[in-house]
Amino acid sequence: MIDGVPVHYRVVGQGEPLSQSTRSNILAQHVQTTPSRAVPCLTRSEAFSFLLFHDPLNTPLRLARKYGDVFYFQAGRNKVFFLNHPDDIRELLVVQHENFRKGEGVMILERMLGKGLITNDGAAHKQQRRLVQPAFHRRRIASYAQAMVEAAQQQAHAWQDGATVDMSQEMMQLTLVIVGKTLFNTDVGEEANTVQAALVTAMEAFRKLGLSPVGELVERLPLPIHARLRRARERLDKVVYRIIDEHRQQGIDQGDLLSMLLMARDEEGNVMNDQQLRDEVMTLFLAGHETTSNALTWTWYLLAQHPEVREKVQQEVDTVLAGRTATIEDLPRLTYTEQVLMESMRLCPPVWAIDRRVTRDTTLRGISLPKWSRVVMSQYVVHHDPRFYPEPEKFDPERWTPEAQATRPKFAYFPFGGGPRLCIGEAFAWTESILLLATLSQHWEARLAPGARVKFQPAVTLRPQYGIKMTLHKRCSSVSQAEKAQVPTTAQSEGLLRE
Ligand code: HEM
């Protein structure tokens, strides 16, 4: 128990907990009844193109269309499997998760994040998760909502009508400020550029090293990227240690996550050492803003491409908020806005694939997975499967009505992963992205700037390779009731409200 909130090893939504006996029953049933499945192997040229990894989004998609729910190729001594069916993915993440640990992608992340919640495994991970969980309790998230809306309002205020911005940078800055304020009670606005530059280097390293199915080999080569990664880490360390030192000096419980970590004791009564603190803070600091920022950036882009959807969002926001400031209570009524975000994370999943290493010989719904094999599950592939999403390339928020959702298997949509490694920040991310999109849409609409280049860059997250250049347009109807009351004459309001 920390901070008066009971700690559960919580797994919600996709991560519904299974009791030990349920899991054993399911496993026993499988062993008895599931016939073994023949797994197609890629041809040599397909495997070769995979190893070069020109297009880690569309190559697996194309191969999944050709080979179906599962295929593999041989990389050195080990096999790399791709699971493309929601039920197999659920089985791995929820039912048989104990036979797997995090995969190669994590090795590069570890160089940046250390042994934090994302990179750790086993008992250490379980203990860390228990420690951090209270900061993501529903009540806590509700208390962050105000800071989220305030930051969005400041952004809305700072934007200039007709200005062209890189929406990716705008969203990155906004979500960074929010994670700083809510989890660490600090202002990181000034350090945003440092953080962004370091992240670009980390993403580059991940693309070059972490994505390669032979990452372990490449990792040992003396490449310049290793030095760049080290320097990026040092810059980020400065920011993180500044935050930790400030908290220590103040020496009071500030009611935030970092205060909780500083007060935490293990079974023997020891506090976390500097390295542990640094790794945990760094993990949440980076994971807590990068992903949501990308989700919002792609959403602005999709809205710009689909003005009819954008208008529906604006109508909903205008009706529900009626010109006032959004609060957490508005979330259940911003249903269309939420559907838009869901559809955006289907088409452009911020985490586009996750991978695991098999730790003991495993049979997964008839698929035989030898120890040391690697297993990749791509959100991008499953979210584009026409069996679950007819016309998968079409941006259609109507796919997310409760009735439509009920027709699909659960793991046909897994932007936040699942099981005990389900994203701890899922509720934080939904709350933040809905409130930010609603608050900014009250006042602004964004259109793609002429000549803007938009391309996926799949690194740890799915980023826009060239950012996304967008032109901002102040909405005519954006004047809030409160603003109306304060604006006495039309003449004074003209400049502000001009389209
Ligand atoms: C749209 C936003 C987000 C997306 C799409 C996302 C996605 C994911 C995914 C897919 C995983 C599981 C990775 C795996 O199983 O290998 C994950 C884990 C994690 N996420 Fe998120 N995330 C988002 C926002 C956040 C936020 C806001 C935070 C924190 C404030 C956060 C913190 C974490 C942490 C700490 C983990 C590791 C959890 C564990 O292993 O116990 N994420 N996220």
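The shell around the ligand is a good place to start, and its residues divide into 15 nonpolar, 6 polar and 2 charged. Before going further, please keep in mind that this is a predicted model. The shell holds 23 residues, and those that come nearest to the ligand are G288, T291, G417, C423 and G425. Two elements, α13 (274-305) and α18, each give two or more residues to this shell. Of the contributors, α13 gives the most, with 7 residues.

One of the nearest residues, C423, deserves a closer look. An unreviewed UniProt entry places the feature "binding site" at C423. If you follow the chain to find C423, you will meet this residue in the loop between α17 (402-406) and α18 (426-443). Is C423 buried or exposed? A residue is called buried when 20 or more other C-beta atoms lie within 10 Å of its own. C423 has 21 C-beta neighbours inside that distance, so C423 counts as buried. Once neighbours within four places in sequence are left aside, C423 is in contact with F416 and G417. G417 has already appeared in our tour, among the residues that come nearest to the ligand.

Just after this loop comes α18, the helix of residues 426-443. Of its 18 residues, 15 are buried, so α18 is largely enclosed by the rest of the structure. The length of α18 can be checked too: at 1.5 Å a residue, its 18 residues should span 26 Å, and the end C-alpha atoms are indeed 26 Å apart, which agrees. When you look along a helix like this, a general rule is handy. An α-helix has 3.6 residues a turn, so residues three or four places apart point the same way.

Now let us turn to the strands. Strand β1 (residues 70-75) and strand β2 (residues 78-83) run antiparallel and are joined by 6 bridges. Within this pair, Y72 has F81 in β2 as its bridge partner. Together β1 and β2 form a hairpin with 2 residues between them, and G76 in the turn has a positive phi of about 65 degrees.

From the hairpin, β2 leads us on to another strand. Over 4 bridges, β2 pairs with β8 in the parallel sense, and here F82 stands opposite V376 in β8. Which other strand is joined to β8? Strand β5 (residues 354-358) runs antiparallel to β8, and 4 bridges join the two. In this pairing, R356 stands opposite V375 in β8. As for β8 itself (residues 374-377), both of its faces are covered. On one side R374 and V376 are buried, and on the other V375 and M377 are buried as well.

For a contrast with these buried residues, visit E46, which lies in helix α2 (residues 44-52). E46 counts as partly exposed because it has 17 C-beta neighbours inside 10 Å. Along the chain, E46 and T59 are 13 residues apart, while their C-alpha atoms are separated by 9.0 Å.

Finally, step back and take in the whole protein. Its secondary structure comes to 20 helices and 12 strands. There are 499 residues in the protein, and buried residues make up 43% of them. Among contacts between residues at least 6 apart in sequence, 76% join residues at least 24 apart.

Terms used. Residues are numbered from 1 along each chain as its sequence is written. This is a predicted model: local features need pLDDT of at least 70, side-chain atom pairs count only at pLDDT 80 or more; totals for chains, interfaces and linings use all residues. UniProt positions are given in the numbering used here, feature names are shortened, and annotations may be inferred rather than shown by experiment. A residue is buried if 20 or more other C-beta atoms lie within 10 Å of its own, exposed if 12 or fewer, and partly exposed in between; C-beta atoms are placed from the backbone. Two residues are in contact if their C-beta atoms, placed from the backbone, lie within 7 Å. Two strands pair if DSSP finds at least two bridges between them. A residue is near a molecule or strand if its C-beta atom, placed from the backbone, lies within 6 Å of it. Ala, Val, Leu, Ile, Met, Phe, Trp, Tyr, Cys and Pro count as nonpolar, Asp, Glu, Lys and Arg as charged, and the others, Gly among them, as polar. The expected span of a helix is 1.5 Å times one less than its number of residues.
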